[in-house]
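This report covers the pockets of one protein chain and the strand pairing found in it. The sequence and structure come first.

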Amino acid sequence: MPNDVLTVHGGAPLRGEIKVRGAKNLVSKAMVATLLGDTPSRLYDVPRVRDVEVVRGLLELHGVRVSDDGNGAFVFDPANVGTATADEINVHAGSSRIPILFCGPLLHRLGHAFIPELGGCHIGDRPIDFHLAALRQFGAVVDKTAGGLHLTAPSGLHGTKFELPYPSVGATEQVLLTGVRAEGVTELRNAAVEPEIVDLICVLQKMGAVIKVHTDRVIEIEGVPSLRGYSHRPITDRLEAASWACAALATGGDITVRGARQVDMMTFLNVFTTVGGAFEVHDSPVDGGIRFFHPGGELRALAIETDVHPGFMTDWQQPLVVALTQARGLSIVHETVYERRLGYTDALNTMGATIQVYRDCLGGTPCRFGRRNFQHSAVIAGPSKLHAADLVIPDLRGGFSHLIAALAAEGTSHVFGVSLINRGYEDFDAKLADLGARAERG
Ligand code: EPU
């Protein structure tokens, strides 16, 4: 597809202002939650990204009437929720992982659910064992077939006590979306507490759910017999904001990200400062945001580990590594959330970076992937002069980091498969143009 290639003339700083909207990883879940309400829900600031389209398609297949004003305000009417065929669902589910979260809501609404084979980025095995174990404890019967999962709940769904082996974001959402209407109390231990999870809890609370977040990753849900629709303005996309911040740093530029929120990015901002970046927070309820810029001088190497919240997010890692190729000294990155999230560094090496990946845990704490043959630690030696190359987008975040590298490198690069970036970055072509990047399709 010739239009799926971006020709990038790099080597110039990105400067200007862009805006981020609702967080993809909250918006898509809040859309699934609309299935649980008896009345319509209203969601604002919905970004035009592929994952949102997939969830919209799946909701419509199940009878939810979806309308939008073309400017990010969506209304979801669940009055006529019904069954969709496995074939239709398979066609629509595409490359997303969100369909697994339809289990609880569909079981409550219809008494059965079909979940297709899941897609998503190839950054590790990405099993769904926690999801299925939790659903079974609620009382679901899961039948695995070649095409996907068939679920039923012959005796209804009942509150339960469940402890996650690891604070998985998706499995926590699964328990929330199922527990809110299960009969009785559900206690989830070792839950994920990412800001997107807290915002989903806010959505569910607006719907009438009773959810308590205790200390030490314990969430308690009191099931209720029915829920109403909600009206919600989501938190903004801190993953996208951090990506543009790293683009500013790697290109020696200056980018103001309207909509970025300090409170959700505190850990990122600490790292950004340590490496030599600078930022200014603009507090304003109307057009607040954060200005991220390279203040001049040399960037500094550092050692970080990715972790669950409040640690340094795994999705911030890839764009940061591009900036670290420009820092003086040896940086160490220990990826502890996904076992195969460093594959994108090969392409950076072909552009002149010096990045060595290791199977060992090169961090303070041994992680789940140590001694298991996964190349999940990286040592980055810098600064390196990056030069142009032809690149193929491997996954969403790795792909954006390739784009940043192409923008930082001298010369003309061709980035193939850029449509994948639209899974999580709204209007990135237009944003690049607003920042003065010289890049064109084809
Ligand atoms: N895990 C299991 N079993 C499970 C579920 C998870 O072993 O049943 C493991 C995973 O393999 C992984 C770890 O637990 O090693 C964490 O996975 P988690 O469930 O937290 O991730 P997720 O819910 O699938 C979401 C985001 C990811 C983000 C992670 C971590 C969405 C749609 N995706 O994934 O975002 O990296 O949480 O914060 O919300 C992205 O946006 O590009 C992206 C990949």
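In this predicted model, domain 1 (2-20 + 236-441) and domain 2 (24-232) each contribute at least three residues to the lining of the largest pocket. The volume of the largest pocket is about 1,100 Å³. Its lining comprises 41 residues, and those closest to the pocket centre are Arg-126, Ser-168, Val-169, Gly-170 and Tyr-338. Several helices take part: at least two lining residues come from each of helix H1 (24-33), helix H5 (129-138), helix H6 (169-179), helix H10 (314-324) and helix H12.

The second largest pocket holds about 370 Å³ of space. Among the 21 residues lining the second largest pocket, Thr-236, Gly-259, Arg-261, Ser-284 and Pro-285 are the closest to its centre. The make-up of the two linings by residue class is tabulated below.

| Pocket lining | Nonpolar | Polar | Charged |
|---|---|---|---|
| Largest pocket | 18 residues | 5 residues | 18 residues |
| Second largest pocket | 7 residues | 6 residues | 8 residues |

Helix H12, which supplies at least two residues to the lining of the largest pocket, spans residues 396-408 and forms a right-handed β-α-β unit with strands S22 and S23. Strand S22 (residues 390-392) is paired with S23 in the parallel sense through 3 bridges. Within this pairing, Leu-391 of S22 is opposite Val-415 of S23.

Strand S23 (residues 411-416) also pairs with strand S1 (residues 5-10); these two strands run antiparallel and are joined by 6 bridges. Here His-9 lies opposite Thr-412 of S23. Strand S23 thus has a parallel pairing with S22 and an antiparallel pairing with S1.

A separate topic is the open sheet of 4 strands, whose order is S9-S10-S12-S11 and whose pairing is mixed. Which strands stand at the edges? They are S9 (161-163) and S11 (210-214), and each has a single partner strand, so one side of each lacks a neighbour in the sheet. From one strand to the next, the twist averages 15°.

The partner of edge strand S11 in this order is S12 (residues 218-222), and 5 bridges join the two in an antiparallel arrangement. One of the residue pairs across them is Ile-211 with Ile-221, the latter in S12. In general, the strands of a sheet pair through backbone hydrogen bonds, in either the parallel or the antiparallel sense. Side chains in a regular strand alternate between the two faces of the sheet.

Technical notes. Residues are numbered from 1 along each chain as its sequence is written. This is a predicted model: local features need pLDDT of at least 70, side-chain atom pairs count only at pLDDT 80 or more; totals for chains, interfaces and linings use all residues. Side-chain values use heavy atoms; hydrogens and water are left out. Two strands pair if DSSP finds at least two bridges between them. A crossover is right-handed if, with the strands pointing away from the viewer, the path from the first strand over the helix to the second runs clockwise. On a 1 Å grid over the protein atoms alone, a cavity is a set of points where a 1.4 Å probe fits but cannot get out, and a pocket is an open set with protein on both sides within 12 Å along at least five of seven lines; lining residues have an atom within 4 Å of a point. Grid points are joined across faces, edges and corners, and a volume is the space filled by probe spheres set on the points. Ala, Val, Leu, Ile, Met, Phe, Trp, Tyr, Cys and Pro count as nonpolar, Asp, Glu, Lys and Arg as charged, and the others, Gly among them, as polar. Domain bounds come from an automatic or database domain assignment. Axes are lines fitted to C-alpha atoms, for helices over the stretch in contact, and angles run from 0 to 180 degrees between N-to-C directions.
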